[in-house]
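I opened the file to look up a few things about cysteines, empty space and packing. My notes follow in the order in which I worked.

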Amino acid sequence: MIAVDMVKCAGHGVCADLFPERITLDDWGYPMIDPTEIGADIVMHARRAVESCPMLALRLVKSER
């Protein structure tokens with residue numbers, strides 16, 4: 001799962017561009033994360049979105065299920 005630090009986030013939208021499978025943007029450009037577990041087939045896309053965040057506001061976390 002991806003977690004967002006909303007204090008750090010500046011709403012650039014890079015994450016949604018890179019990982020539209022799980023991230024959409026609200027009306028102000030801030031990310032809304034789909035909490036569905038990220039499968040092995042798309043985890044590389046999630047990592048790319050996390051690593052590309054200009055504000056370092058994203059991180060990958062293990063699901064607690």
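Entry 1, strand S1. I take strands as DSSP runs of E with at least two residues, numbered from the N terminus. The model is a predicted one. On that footing I looked up Ile2 and found it in strand S1. I then asked whether Ile2 is buried or exposed. Ile2 is buried, at a relative accessible area of 4%.

I listed the contacts of Ile2, leaving out residues up to four places away in sequence. The list consists of Phe19, Ile23, Ile33, Ile38, Ala46, Val50, Leu58, Arg59 and Leu60. I also took one C-alpha distance: Ile2 and Glu37 are 35 residues apart along the chain, and their C-alpha atoms are separated by 9.0 Å.

Entry 2, helix H2. Two of those contacts, Ala46 and Val50, led me to helix H2, which spans residues 43-52. I noted Ala46, Ala49 and Val50 as buried there. These residues lie on the same side of H2, because they cover an arc of only 100° around the axis. An α-helix has 3.6 residues a turn, so residues three or four places apart point the same way. On the other side of H2 I found Met44 and Glu51 exposed.

What do the buried residues of H2 pack against? I found strand S1 (2-4), helix H1 (14-18) and strand S4 (58-60).

Entry 3, cysteines. I searched for disulfides and counted zero. Why does Cys15 have no partner? Its closest cysteine sulfur is that of Cys9, at 6.3 Å, which is too far for a bond; the cut-off I used is 2.5 Å. Cys53 is in no disulfide either, and the nearest cysteine sulfur to it, again in Cys9, is 6.3 Å away.

I checked the accessibility of both residues. Cys15 is buried, with a relative accessible area of 8%. Cys53 is buried as well, at 13%.

Entry 4, empty space. Rolling a probe the size of a water molecule over the atoms shows where empty space is left. How many cavities of 30 Å³ or more are there? I counted one. The largest cavity holds about 90 Å³ of space.

I recorded 13 residues lining the largest cavity, and the closest to its centre are Cys9, His12, Gly13, Cys15 and Cys53. The cysteines of the previous entry thus turn up again in this lining. I sorted the lining by class and got ten nonpolar residues, three polar and no charged ones.

Note on methods: Residues numbered from 1 in each chain as written. Predicted model: local features only at pLDDT ≥ 70, side-chain atom pairs only at ≥ 80, totals over all residues. Heavy atoms only, no water. Buried < 20%, exposed > 50% of the residue type's maximum accessible area, 1.4 Å probe, protein only. 1 Å grid on protein atoms, 1.4 Å probe; cavity = no way out; pocket = protein on both sides within 12 Å on 5 of 7 lines; lining within 4 Å. Points joined across faces, edges and corners; volume = space filled by probe spheres on them. Nonpolar A, V, L, I, M, F, W, Y, C, P; charged D, E, K, R; others polar. Helix = DSSP H or I, 4+ residues; strand = E, 2+ residues; numbered from the N terminus. Arc of directions from axis to C-beta. Contact = heavy atoms within 4.5 Å.
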